[in-house]
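Reader: Could you take me through one part of this structure slowly? I'd like a close look at the largest pocket, and what lines it.

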Protein chains: 2
Amino acid sequence: MVVVTRVSGEMSEPVLLPLADTPPAERRDAARNRIALLEAAERLVAAHGVAAVTMDAVAHEAGVGKGTVFRRFDSREGLMAALLNHSETEWQASVISGPPPLGPGAEPWDRLLAFGRSRLETTILHAELIRAAGRASTRSYAAYSFIAMHMRYLLAELGVTGDLQLLAIALLAPLEAPILDQVELDGIPVDRVYAGWVDLARRIVGR
Amino acid sequence: MVVVTRVSGEMSEPVLLPLADTPPAERRDAARNRIALLEAAERLVAAHGVAAVTMDAVAHEAGVGKGTVFRRFDSREGLMAALLNHSETEWQASVISGPPPLGPGAEPWDRLLAFGRSRLETTILHAELIRAAGRASTRSYAAYSFIAMHMRYLLAELGVTGDLQLLAIALLAPLEAPILDQVELDGIPVDRVYAGWVDLARRIVGR
DNA sequence: ATAAGAAACGGACCATGGTCCGTTTAGTCC
DNA sequence: GGACTAAACGGACCATGGTCCGTTTCTTAT
């Protein structure tokens, strides 16, 4: 939303130029509370783990009413998804502009391998949060669309042809929390999962 | 567990030969209640959908206390997983001994394609239940191990070499509910998902 | 048949996610 | 600055999953 300070002279026409269908902008108190809640939640996670992040607890820790938590984040899953997005921002930055081979500058194939490895590790690292975010993590979860998009980009760079969206999903799936769940139950070590994934990538890309 | 009827003559020795660490066998009332609960739950699903399957509702419908429901199935997810297993039994039978190409008798490649298609449809059909079963659906969910095992078998038949377990997971992943969730959000039609999966299979199998 | 022990039962009770609505507060317009 | 409106607030309230423990029922041994 673009705010134009009132033109002092005559013709004191419109002052707000809402871009397309931009949401009406957040009220100050609302914004303040969002931040307070996010920080409170982070504090709770750090101190007592994801399980301790109760809606009541967060509300209390942030010094607001419970209703406020729900108005801001819709549900517990929504709150978790918000935490997740925050956590993954740094990772995204390193993909977009960090050092190679994860960041730009390396050969596509090497970037792909680095991407897979890094994604696998990040998923494991955030596993608790991802599970707690449930479906919200794939929905509003900005992180996911980024991941899928980048994968499509890498596949295109590698000259892969076909339904890139579907191929990207297929290549990403074995690195996602729900699938990893299945794997870890059998006690397979991470390195083997990665090795299997590389083999898969080779077959898909055609190397 | 093997039960040997008492030998009428002398030497009236042991009567129960528990195999290895077989659980102590279910008491009559327990067994009766398990069935009553399962049927009650099925009735509720049929009548009002998965969402209406409340633990209280099931208990009431089965004419049993709530505690009993939990003792039998551990949790709501556990109950859902049980329902799921029941639903999938028929499908499993058609894979094991039904008509080709899903059942035995067809070429491995054709069986693989039929398997993928059928699995995709079944997942969509049971989507609600699968979601409601959550993690229990991959854990105790007997159905899943069957699926994975059959996929490994087909890959082996096709002469695929490598980490078959991992490849099976990768090939199955795009047909699973959580991944399908992502796809359906973008409104991709089922046929396209299937086509994408076939392409994936081709690349993995090497055709 | 009876007694003893183990296992199952049932429903009150607790914790937590989610809703509702009367009250308060940030913006806006004069 | 004061009035007005829409949005945000807060916490009582509800629904539902899950636990607990005193009571009842099955099973086995005598």
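Author: Here is a walk around the pocket, followed by the parts that surround the story.

First, some ground rules: this is a predicted model, where local features need pLDDT of at least 70, side-chain atom pairs count only at pLDDT 80 or more, and totals for chains, interfaces and linings use all residues. Residues are numbered from 1 along each chain as its sequence is written, chains are lettered from A and ligands numbered from 1 in the order in which they are written, and side-chain values use heavy atoms, with hydrogens and water left out.

Now the pocket. On a 1 Å grid over the protein atoms alone, a pocket is an open set of points where a 1.4 Å probe fits, with protein on both sides within 12 Å along at least five of seven lines. Its volume is the space filled by probe spheres set on the points, which are joined across faces, edges and corners. For the largest pocket that comes to about 1,100 Å³. Lining residues have an atom within 4 Å of a point; there are 40 of them, and the closest to the centre are Gly134(A), Arg135(A), Pro178(A), Gly134(B) and Pro178(B). Both chains supply elements that give two or more residues each: α5 (108-125), α6 (127-133), α7 (142-157) and α9 (177-185) of chain A, and α5 (108-125), α6 (127-133), α7 (142-157) and α9 (177-185) of chain B. Helices here are DSSP runs (H or I, at least four residues), numbered from the N terminus. The top giver is α9(A), with five residues.

What's the lining made of? It has 18 nonpolar, ten polar and twelve charged residues. Ala, Val, Leu, Ile, Met, Phe, Trp, Tyr, Cys and Pro count as nonpolar, Asp, Glu, Lys and Arg as charged, and the others, Gly among them, as polar.

How do the two chains relate? Chain B lands on chain A after a rotation of 180° with 0.0 Å of shift along the axis (RMSD 0.0 Å), fitted by least squares on the C-alpha atoms of residues with pLDDT of at least 70 in both. That is the relation of a two-fold axis. The same surface serves both copies, as 100% of chain B's contact residues (contact means heavy atoms within 4.5 Å) recur in chain A.

Some pocket helices also meet α8(B). Eight of the nine residues of α8 (residues 164-172) of chain B are buried (under 20% relative accessible area, 1.4 Å probe, protein chains only), so the rest of the structure largely encloses this helix. Those buried residues pack against α9 and α10 (190-205) of chain A, plus α5, α7 and α10 (190-205) of chain B.

Notes: Buried < 20%, exposed > 50% of the residue type's maximum accessible area, 1.4 Å probe, protein only.
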